[in-house]
Amino acid sequence: MLENFLLKNKIDFVMNKPLSTLTSMGVGGKAKWVVYPKSRSQLVLVVKFCRQINQKFYLLGGGTNVIACDKGFDGVVIATTKVSKTKRIFNTVLVDAGTPTAKLALNLQKWGLGGGEFCCCIPGTVGGAVVGNAGCFGKSFSDLVQKVWIFDGQKVKVLTNAQCLFDYRTSIFQFENWTLLKIQLKFAPKSKKRIKEEMQSLKVYKARSQPTMCRSSGCIFRNGSQPSAKLIDKALLKGYRINKAQVSVVHAGFIVNLGGAKASDVLDLITHVKTVVKEKYGVTLKEEVRILK
Ligand SMILES: Cc1cc2nc3c(=O)[nH]c(=O)nc-3n(C[C@H](O)[C@H](O)[C@H](O)COP(=O)(O)OP(=O)(O)OC[C@H]3O[C@@H](n4cnc5c(N)ncnc54)[C@H](O)[C@@H]3O)c2cc1C
């Protein structure tokens with residue numbers, strides 16, 4: 001039924017694709033279906049159809065904040081990365097949810113729009129970044145978002161920034177079963193040269209302080225009253241390994257796949273880190289990453 005629908009609507013798909021190839025951690029079994037809508041209307045169409053036929057589905061952006069389980073996903077992964085139109089209107093930019101943040105950063109340089117320099121340091125898509133209110137260097141997506149177009153299963157709605165209920169690494173989208181379609185972001189005019197220089201220095205800083213060349217999902221845990229990386233470091237867990245999954249020696253908040261790790265190694269390591277930190281400091285670390293199962 002799904003196959004006929006996808007063929008009829010000319011929506012690209014593949015079957016039995018390893019999730020390790022779709023996520024930055026590089027672990028996980030196969031997804032039964034991976035569907036690649038090419039436009040917002042195709043994205044809505046697929047989501048609507050999956051809901052209609054009661055088909056389990058998962059929206060995936062760049063997969064940089066998702067760890068896929070070894071058993072894979074017996075449903076439809078809807079990959080948004082081909083839904084990536086971008087349009088500038090004066091100081092605002094309209095981006096489709098699947099637009100890579102790297103592409104947004106390049107456009108900001110090209111257009112001389114400042115205020116979003118930090119985007120160059122956040123992998124993944126704009127949609128994923130809005131869901132998690134991603135940020136660094138004291139800024140986050142909530143500082144940029146004006147409006148978000150979503151599909152709630154019935155119709156397309158527009159939310160204002162206030163309606164997105166942004167907070168530290170969270171938003172309303174983590175609690176609702178909605179599909180982000182398009183985002184309107186606001187910037188301020190700035191010299192192209194300065195934007196480029198600032199982005200370059202942020203990237204250099206990031207490359208020095210984080211394992212940016214290794215497979216990872218970024219920071220595994222949210223920060224509480226104390227940064228999670230500091231607690232993990234103090235607990236002497238830097239470099240601790242379970243098979244090929246390791247607490248990064250560069251930044252204790254990251255778990256890196258040294259090559260050939262299984263999802264179970266990563267998940268066991270997460271459990272171990274949480275247990276040790278709880279035992280030593282009485283702090284319950286909360287995951288920032290999402291588990292796809
Ligand atoms: C090396 C590295 C460095 C990182 N540095 C940072 C950092 O500095 N700051 C930071 O905040 N994060 C950081 N991250 C984490 C990650 O890059 C961000 O959380 C990023 O914004 C996730 O975007 P994504 O497109 O990859 O989302 P995904 O990982 O694909 O998805 C994340 C969540 O969003 C949902 N989602 C994605 N698209 C949609 C959509 N269109 N509609 C509805 N739901 C959707 C998914 O279902 C999932 O629940 C880093 C990651 C890595 C690997």
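## Helix α3 and its surroundings

Immediately following α3, G112 adopts a positive phi of about 65°. The model described here is predicted. Helix α3 covers residues 101-111, and its axis comes within 7 Å of the axis of helix α5 (residues 192-209), the two crossing at roughly 150°. Since angles over 145 degrees count as roughly antiparallel, α3 is therefore roughly antiparallel to α5.

On the α3 side, the contact is made by A105, L108, Q109, K110 and W111; on the α5 side, K192, I195, K196 and M199 take part. By residue type, this contact of α3 with α5 comprises five nonpolar, one polar and three charged residues. The buried residues in α3 are T101, L104, A105, N107, L108 and Q109. Among the elements that cover these buried residues are the strands β6 (86-89), β7 (92-96), β8 (113-114) and β13 (179-186), together with α4 (126-131) and α5. A105, L108 and Q109 are thus buried and also part of the contact with α5.

## Ligand surroundings

There are 31 residues around the ligand, and those that come nearest are L59, T64, T125, G135 and K206. Two side chains place an N or O atom by a ligand oxygen: for T64 the distance is 2.6 Å, and for K206 it is 2.4 Å. L180 contributes through its backbone instead, with an N or O atom 2.9 Å from a nitrogen atom of the ligand.

## F57 and N65

F57 belongs to strand β3, which spans residues 57-60. Its relative accessibility is 18%, so F57 counts as buried. Leaving aside residues up to four places away in sequence, F57 touches V47, C50, R51, F73, V76 and I78. For one of these, V47, the C-alpha atom lies 7.9 Å from that of F57, with the two positions ten residues apart along the chain counted as their separation.

N65 sits in the loop between β3 and β4 (66-68). With a relative accessibility of 19%, N65 counts as buried, because the cut-off is under 20%. Outside the residues up to four places away in sequence, N65 touches S217, E288, V289 and R290. The C-alpha atoms of N65 and S24 are 7.7 Å apart in space, while the two residues are 41 apart in sequence.

## Q42 in helix α2

Q42 is part of helix α2, residues 40-52. A relative accessibility of 12% means that Q42 counts as buried. The Q42 side chain reaches the backbone oxygen of K10 at a distance of 3.3 Å. K10 is also one of the residues that Q42 touches, alongside N9, I11, Y36 and P37, when residues up to four places away in sequence are not counted.

## Positive phi outside glycine

Most residues other than glycine have a negative phi. N16 is not a glycine, yet it has a positive phi of about 55°. N16 lies in strand β1, residues 12-18, and at 45% relative accessibility it counts as partly exposed.

F137, likewise not a glycine, has a positive phi of about 55°. F137 is located in the loop that runs between β9 (135-136) and β10 (139-140). Its relative accessibility is 37%, so F137 counts as partly exposed.

Notes:
Residues numbered from 1 in each chain as written. Predicted model: local features only at pLDDT ≥ 70, side-chain atom pairs only at ≥ 80, totals over all residues. Heavy atoms only, no water. Helix = DSSP H or I, 4+ residues; strand = E, 2+ residues; numbered from the N terminus. Buried < 20%, exposed > 50% of the residue type's maximum accessible area, 1.4 Å probe, protein only. Contact = heavy atoms within 4.5 Å. Axes fitted to C-alpha atoms, helices over the stretch in contact; angles between N-to-C directions. Parallel < 35°, antiparallel > 145°, perpendicular 65-115°, else oblique. Nonpolar A, V, L, I, M, F, W, Y, C, P; charged D, E, K, R; others polar. Near = heavy atom within 4 Å. Polar contact = N/O pair within 3.5 Å; in protein donor to acceptor, adjacent residues only side chain to side chain.
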